[in-house]
Amino acid sequence: MPHRVLTAEFIHESNTFKKGVTDLHAFEIDVLLEGEVALKTLCNSNTGISGFADVAEEAGWDMRHVISAYAEPGSKVSRQAFDHVAGKICAAALAQKDNLDGILLALHGAMVTEFCEDGEGELLRRLRDVVGPDIPVAMTLDLHANVTPQMAELADIIVSYKTYPHIDLRERGVQAGQLLEAAMAGETRPKTLRAHRPMLDDPNGGRTDTGPLVPLYADALAHESEPGIHAVSLNAGFSDADIFHMGPTVLVTYDTGTDGAEGRAREIAERLADGIWHARDSLANDFLSVDDACRHALSYRSDKGPLVIADYADNPGSGAYGDATNLLAAMLKAGLENATFAPMIDPEAAAALCSGQVGDEVRLALGGKNDPDFGGGPIEVTGEIRHISDGRLTGDGPMLGGLPFSFGPTAVLRVRGIDILVVTERGQMLDLQQFKAFGIEPERKSTVALKSMQHFRAAFEPIAGEVIVCDSGALSTPQMSKRPYVNVRRPIWPLDADVQP
């Protein structure tokens, strides 16, 4: 008899400092697909469900996929949106609970709803209320998860991404699925423990390509080959969520049936957590001001590719508004030529531009309309409409390859020497097609300014002559003292001088 496995994806990273809520429409814009439609659309790509399907085919599962729901990082998830997606997952579990052998979920780990701080823990609680404590539950998490004690208690198996940019979603899905298969077959009895240190974020910001924590990721992977140790996950945390249980964690999924595994798991978790703590004053990023970034761009000369300037603070991928203007204003002031800037998330400006014609000269107020205190207010610009589009594209890079994406109604506005991508829907820059689909060839530009923290590197580092990172002062500024934290446990690094591990 094949194992019967219920699968689902419910992914959102919630920035609690952002106004408003993430409603069901936000999931519909990104991904809200059920059953076979989700499988046909999302499999064979960099997704958790692709990894689940790989294991299902290999192991011969009767895999019953409920729903895939993703929304771009943003404000807290509305009760209506959460109840809609969680309700479908729990209803399917209730209908099938007498015939289920396991549950496999792709989650984020930093979802906050308007009614609770721990969205993933709430989903797991509801599922356990339906299926009880004995059915094995496995899940994948983003490495920027704020893993709560409730998550570790209610999920038997937890596997977090090990790369940032996150290019291993499918690989981690396979790992979680294989561990679930072993548990369903009675070969293991998995459990996950958690270690935590009082930090808002890890000093690497989750980077796995450079910085002081890279050796720890290598250690985590090596430990997974030890007897009874199934998965070792380092989670950077997500400092844009003002919740009680936030910050870096280490998770170890181990076999309770292997002698000494629990003690070894605790030893591994605490040692790696200490490593994160001891590296707290070593930073992987060197943040420039917007003016310094533009001065560098003026003097930049390279035949190896464009200068890429990443606006870390206005990254839509961490829930920032994506409409900060400080970097664009500095680029215009500096008189940069043969440059591009993307995206400027401004539905009002996008609608005005899309109502015009290619070649029209227009004057309008651009950006800065959500919260001018973070990243700058609207700027008046005059430019030429160079491209108009419905915003749809298909990615072809390491992260978005094969997946559909939409910025909604989109226009390219050329203001002096800068092509500005003005869009309606939110999204960070992580694929070259997010330029190319709109007639912009980033390889041919001298300066490419984009809104992203790290994910852009997978697609853009190969074409760049140099990459620099700036802090525009927007909502996700790395200067954490500027955020009005209320709910985090205190004392905590780096806000408090007297914090102890």
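In the predicted model, helix α4 (residues 79–96) and helix α5 (residues 119–131) pack with their axes coming within 9 Å and crossing at roughly 25 degrees. Because angles under 35 degrees count as roughly parallel, α4 is described as roughly parallel to α5. The crossing in which α4 passes α5 is right-handed. On the side of α4, the contact is made by F82, D83, A86, I89, C90, A93 and L94. On the side of α5, G119, E122, L123, R126, L127, V130 and V131 take part. Sorted by class, the residues of this contact are 10 nonpolar, 1 polar and 3 charged.

The model also contains an open sheet of 6 strands, with the order β2-β3-β1-β4-β5-β6 and mixed pairing. In general, the strands of a sheet pair through backbone hydrogen bonds, and the pairing may be parallel or antiparallel. The edges of the sheet are formed by β2 (31–34) and β6 (157–160), each of which pairs on one side only. On average, and with direction ignored, neighbouring strands of this sheet are turned by 15 degrees against each other.

At the β2 edge, β2 and strand β3 (residues 62–70) run antiparallel and are joined by 4 bridges. One residue pair can be named here: E34 has I67 of β3 as its bridge partner. Elsewhere on the sheet, helix α7 (residues 169–184) lies across β1 (4–11), β4 (102–107), β5 (137–141) and β6. Relative to β6, α7 runs at about 165 degrees.

Further along the chain, helix α11 spans residues 326–334, and its buried residues are L327, L328, A330, M331 and L332. After α11 comes G335, which has a positive phi, near 75 degrees.

M331 was examined in more detail. This residue of helix α11 has a relative accessible area of 0% and is therefore buried. With neighbours within four places in sequence left aside, M331 is in contact with C294, L336, A339, T340, F341, I418 and A449. Among these contacts, C294 illustrates how the fold brings together separate parts of the chain: C294 and M331 are 37 residues apart in sequence, whereas their C-alpha atoms are 6.0 Å apart in space.

Methods: Residues are numbered from 1 along each chain as its sequence is written. This is a predicted model: local features need pLDDT of at least 70, side-chain atom pairs count only at pLDDT 80 or more; totals for chains, interfaces and linings use all residues. Side-chain values use heavy atoms; hydrogens and water are left out. Buried means under 20% relative accessible area, exposed over 50%, partly exposed in between (1.4 Å probe, protein chains only). Helices (H or I, at least four residues) and strands (E, at least two) are DSSP runs, numbered from the N terminus. Axes are lines fitted to C-alpha atoms, for helices over the stretch in contact, and angles run from 0 to 180 degrees between N-to-C directions. Angles under 35 degrees count as roughly parallel, over 145 as roughly antiparallel, 65 to 115 as roughly perpendicular and the rest as oblique. A crossing is left-handed if the near helix is turned anticlockwise from the far one by less than a right angle, and right-handed if clockwise. Contact means heavy atoms within 4.5 Å. Ala, Val, Leu, Ile, Met, Phe, Trp, Tyr, Cys and Pro count as nonpolar, Asp, Glu, Lys and Arg as charged, and the others, Gly among them, as polar. Two strands pair if DSSP finds at least two bridges between them.
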